[in-house]
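Work through the following exercises with the structure at hand. Each task is followed by a solution in steps.

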Amino acid sequence: MQKCSLAVDIGASSGRLIAGYLQNGKMILEEVHRFENKLIEKNNHFCWDIKRLFTEIKTGIRKTKEQGFSPESIGIDTWAVDFVLLDENDEMLTDAVAYRDSRTDGMMEEVFSKISKERLYLETGIQFQKFNTIYQLYYLKKNNPELLKEAKTFLMIPDYLNYLLTGKKVNEYTNATSTQLVNAFTKKWDNELMKQLGIPTEMFQEILPPKSSIGTLKPDLVDEFGFDMEVILPATHDTGSAVLAVPEQEDTIYISSGTWSLIGVENRFPICVTKALDYNFTNEGGVNYRYRFLKNIMGLWMIQEVKRNFNDQYSFAEFAEMADKEIDFHSQVNVDDDRFLKPQNMTKEIQLYCKETNQRIPESPGEIAKCVFDSLAISYQSAIDQIEEIYEKDFQKINVIGGGSKNEMLNQLIADTTGKEVIAGPSEATAIGNMAAQLMALNKIDDIEDARNLIKKSFDLKTYTKKQKVEG
Ligand SMILES: Nc1ncnc2c1ncn2[C@@H]1O[C@H](COP(=O)(O)OP(=O)(O)O)[C@@H](O)[C@H]1O
Ligand SMILES: C[C@H](O)[C@H](O)[C@@H](O)C(=O)COP(=O)(O)O
Ligand SMILES: [Mg+2]
């Protein structure tokens, strides 16, 4: 039996359970189980089917043994900001409502009437996304105060999945920072902030950093699987794990390219200056208390929705190929307009935007995809300009990680648009970073730089440079 660790990475569009181990100075990953993740409608809200996700995790764990692995540890990472509340009997009081639900519309503005945007940013350093946990909780406080009074435990999505595995209730640091309720300097829950908004402070749990072990499986799960393993906290915010795995650091801006595009740089300190606030950058927590100075860009969510609009008759690779042929189509949209966060029909919303802005309306799948990819590249360029203005430095390289790194057309487009060298991969950076944190916790990897050197040796990366225009 091959000893291994298990990385569970659940993004907004897909989840995967990957077995990983070190062999001949390399990290070896083997995908054991992959499953779809998507929003469901429940009680008039968009939610995550968290019970199904836990069932998929258990299926993956069972398949691990069947495939000849002997797991020593498991770590779970997912998307940020979303949570569940448990009552005094540790039963779910709330559904796992998704950040794309419209319940937080207008909440951010109401919070600003109590706490200035500037103070919120200076204390937390977190970007203003209307779906941040702070605004989700403010919605509950305003519309269902009795439920908040009943809540005894606040667990973010990975925290809750860890609770189902171990019975332990903790909040992990990197994901906790995405709530906009953690002080960027103390790295603790900002109780003063919560009290000012009428959010009960007692339900929040101890914040533990990545690489912490929270024990082993509950006895009933050991009986079910036939083995036990240690449950270790990676950076449970998936982007935190992805950034840990960025192999290229020198003079490099990363783009964690999945459902979202998260574009930024790793720091040793938070940057909460006015310009960072104005440009809406965030300082999410990283491994070893580093900071992820980045911003959210709407990302490949847009092509995921377009793919759905075309009844999944085209693959992502086919959309990229079709887009690459539309060399004379140049209409663009502002991908970061809230209208693209959860439109009824993404394709129609893109067409309406082009009509409203007197641009050629994309009709074919290729034109729609070209419009999405061109518009994403423009948004990346804008974010890079802002990063370089704040850092007062020109970055030479862009490392695209995540599933989006498999979009060769987009990788080339980013190189052509920015003029910078684009390094693409690893596509499973999040799972790799999750694995790296576990291996560090198990003292199999010394530290972050060792992890990144190991990752660089272990996974194929592809480089793109700006295409020289053919004269004539
Ligand atoms: N072969 C491919 N060609 C082009 N794009 C791809 C390919 N495979 C995956 N993608 C892109 O990667 C995205 C999924 O990336 P991933 O990191 O798995 O997302 P998440 O973690 O948010 O679920 C898809 O939406 C798609 O746009
Ligand atoms: C809502 C958050 O901004 C979102 O979770 C983002 O931080 C993120 O991590 C998205 O990861 P995907 O893998 O779903 O793109
Ligand atoms: Mg992901």
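**Exercise 1.** State which residues UniProt lists for "domain: Carbohydrate kinase FGGY N-terminal", and describe that span in the model.

Solution. The unreviewed UniProt entry gives residues 6-244 for this feature. The model examined here is a predicted one. In it, the span 6-244 is 35% helix and 26% strand, and its end C-alpha atoms are 17 Å apart.

**Exercise 2.** Find the domains that the domain assignment gives, and describe how domain 1 meets domain 2.

Solution. Begin with the bounds: domain 1 covers 2-233 and domain 2 covers 237-471. Their centres, taken over C-alpha atoms, are separated by 23 Å. Next, take the contacts: 42 residues of domain 1 touch 40 residues of domain 2. On the side of domain 1 that touches domain 2, elements supplying at least two residues each include strand 1 (2-10), strand 2 (14-23) and helix 3 (117-124). Strand 6 gives the largest share of that side, 5 residues. By type, the side consists of 17 nonpolar, 16 polar and 9 charged residues.

**Exercise 3.** Which residues come nearest to ligand 2, and which domains supply its shell?

Solution. There are 13 residues around ligand 2, and Gly11, Ala12, Trp79, Gly258 and Thr259 come nearest. Domain 1 and domain 2 each supply at least three residues of the shell. Sorted by type, the shell has 7 nonpolar, 5 polar and 1 charged.

**Exercise 4.** Compare the span of helix 17 with the expected value, then decide whether the helix is largely enclosed or not.

Solution. Helix 17 (residues 429-441) has 13 residues, which at 1.5 Å a residue should span 18 Å. The end C-alpha atoms are 18 Å apart, in agreement. Of the 13 residues, 13 are buried, so helix 17 is largely enclosed by the rest of the structure. After helix 17 comes asparagine 443, with a positive phi near 60°.

Technical notes. Residues are numbered from 1 along each chain as its sequence is written. Chains are lettered from A and ligands numbered from 1 in the order in which they are written. This is a predicted model: local features need pLDDT of at least 70, side-chain atom pairs count only at pLDDT 80 or more; totals for chains, interfaces and linings use all residues. A residue is near a molecule or strand if its C-beta atom, placed from the backbone, lies within 6 Å of it. Ala, Val, Leu, Ile, Met, Phe, Trp, Tyr, Cys and Pro count as nonpolar, Asp, Glu, Lys and Arg as charged, and the others, Gly among them, as polar. Domain bounds come from an automatic or database domain assignment. Helices (H or I, at least four residues) and strands (E, at least two) are DSSP runs, numbered from the N terminus. The expected span of a helix is 1.5 Å times one less than its number of residues. A residue is buried if 20 or more other C-beta atoms lie within 10 Å of its own, exposed if 12 or fewer, and partly exposed in between; C-beta atoms are placed from the backbone. UniProt positions are given in the numbering used here, feature names are shortened, and annotations may be inferred rather than shown by experiment. Two residues are in contact if their C-beta atoms, placed from the backbone, lie within 7 Å.
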